[in-house]
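Let's take a walk through this model, starting with a single side chain and working outwards. Keep the viewer open as you read.

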Amino acid sequence: MAGKKNGFSGFLDGIERVGNALPHPVTIFVILTVFLAVISAFCAGAGLSVTFQSVDAQTGEVTKKTAAAVSLLSREGLIHMLTGVVSNFTGFAPLGTVVVSMIGVGVAEGCGLVDAVMRKTVMAAPENLVTAVLIFIGVMSNVAGDVSYVVLIPLGAVVFMGFGKNPLAGLYCGFASVSAGYLGNLVLGTIDPLLAGITQEAAGLFDPSYEVLPTANYFFTVASVPMLVAVGTLVTEKIIIPRAGEYHGEGLSMEPLNEKERKALRIAGLSVLVYTAVIMLFVIPKNGILRGNEGSIVKSPFMNGLIPLLMLFFLIPGIVFGVAAGTVKSDRDIASIAAKALSGLGDYLLLAFVASQFIDYFSYSNLASIIAVNGGEALKAAGVTGFPLMAAFILLSAFLNLIMGSASAKWALMAPVFVPLMMQFGISPEFTQCLYRIGDSATNIISPLMAYFPMIVAFARKYDKQAGIGTMISMMLPYSVCFLGAWIIMLAVWYFAGLPVGPMAPIFMY
């Protein structure tokens, strides 16, 4: 990597060298799976188990469960691994999101729409704001859920390339902002009511009448947006862009749009407005057909159908632009462009295959649950109180995020332990939930078990064939450390000032 070589840069170079010296990511997951099988057999033979209370994210029911280590080398374990290979892959949550979304994005790019929009944007936008704008959009995009990973990250690479910067820097910047955005937004996202429901049921173990609203962390998430933009911009400009160096691959054409392209862009823009208006007619009225029960938007066909709706958001204007600009002559051209876009997912599909197997086996072995519960009990037994307890809980959440990818699954395990514990110290459930979200959001971008990590590696290889896990972690670590540090400082101000983290959500219960 290019750039100055100070102590921190040398440390990151070391991480990159060690990481990239490891085998191919596919091989790493295979090795980890073998290692997991051996460890699971050892733990099962030792009778390792934990008993804990868990909250069902759907029903809110609190139940006492026992998780015992399960050997993957037992008869049942071997049968589970063998018979689950296909379903693990086809049921891998990001797989459908990536493939379906890439049809729309791929057609829009193949028809020339993305190139035209970028050229127009690049020639009109001030260069010194492009990083901040990209981070802001990435943070805000989490209102659409995981779809933002598929759309914003590759587009971030294209935007940076249009400004003459290394597209890898844009890709890393987009990934960091989307991941950290799970605790940073100006509006409520799908994760807010999900976590609030788990928190309320866990709080009920201490006070059955306690109510937690979906807006539990709203004030803190809103305040996190400018912090993430400022810190993310600084890290990108001062660390990531210099480390990425110059890009010597094929770039965007920066010639001004001709009259035919400008006309096609206007028509495509009109199609977007029409499409958006139609969707709004289905969503805004209380009796809209895309509303849920009792007019809900949070739990509705609209939210459940965001992925195909997003595909159409790119597909329709892409086709319209292609026809108007002359890049699309027939339906065969559209099919060919879509197929070409999907053919570029080969690396991702292979990584998703092996990653999905490992994640399923790790869950089946119950080792993730055992680690999470024992970690919580150890922190509880340490007798730490006050702000040090807050910081320790954040660090525990950050660590557990490296081995358990699902935010709701981790919280379902941790909430029944920590929410009542914090309530005994006078700390509100809403604030405890906020602590958890800080740790979870800060380390999303450096967790190999994060569901979209294989996709980012695959995207990076499009611009740098040598990019590996070491490259990714060395580029993501500055974001993770700086975001975590800034959040802890921000939290300290919040804690000692006694500011509420959301409407009717004070830090202290009394």
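Start at Y218, which has a relative accessibility of 27% and so counts as partly exposed, since that class runs between the 20% limit for buried and the 50% limit for exposed. Next to Y218 in the sequence is F219, and here the relative accessible area is 35%, so F219 is partly exposed too. Bear in mind as you look that this is a predicted model.

Now turn to the rings themselves. The model has 14 aromatic pairs in total. In the pair made by Y218 and F219, the ring centres are 6.5 Å apart and the planes meet at 55 degrees, so this pair is tilted. Why tilted? Stacked would need planes under 30 degrees apart and edge-to-face over 60, so an angle that falls in neither range is called tilted.

Another tilted pair is made by F483 and W487, with 6.3 Å from centre to centre and 55 degrees between the planes. These two residues sit in helix α22, which covers residues 469-497, and because they are four residues apart there, about one helical turn separates them. Are they buried or exposed? Both F483 and W487 are buried.

Rings can also join up into something bigger than a pair. F387, F431, Y495, F496 and F508 are linked into a cluster by ring pairs. For a ring with a charged partner, go to F160: K165 lies over its face, 5.3 Å from the ring centre.

Next, the helices. Helix α10 (residues 191-203) packs with helix α20 (residues 429-442), their axes 10 Å apart and at an angle of about 130 degrees. That angle makes α10 oblique to α20, because roughly perpendicular stops at 115 degrees and roughly antiparallel begins over 145. The crossing of α10 past α20 is right-handed. Which residues meet there? From α10 come I191, D192, L195, A196, T199 and A203, and from α20 come P429, Q433 and R437.

Finish at S365, a residue of helix α16, which covers residues 346-365. With a relative accessible area of 0%, S365 is buried. Leaving aside residues up to four places away in sequence, S365 touches L36, S40, A68, A69 and V70. Set that beside the place where we began: S365 is buried, whereas Y218 is partly exposed.

How values were computed: Residues numbered from 1 in each chain as written. Predicted model: local features only at pLDDT ≥ 70, side-chain atom pairs only at ≥ 80, totals over all residues. Heavy atoms only, no water. Phe/Tyr/Trp six-rings, centres within 6.5 Å; stacked < 30°, edge-to-face > 60°. Buried < 20%, exposed > 50% of the residue type's maximum accessible area, 1.4 Å probe, protein only. Lys NZ or Arg CZ within 6 Å of the ring centre and 35° of its normal. Axes fitted to C-alpha atoms, helices over the stretch in contact; angles between N-to-C directions. Parallel < 35°, antiparallel > 145°, perpendicular 65-115°, else oblique. Left-handed = near helix turned anticlockwise from the far one by under 90°. Contact = heavy atoms within 4.5 Å.
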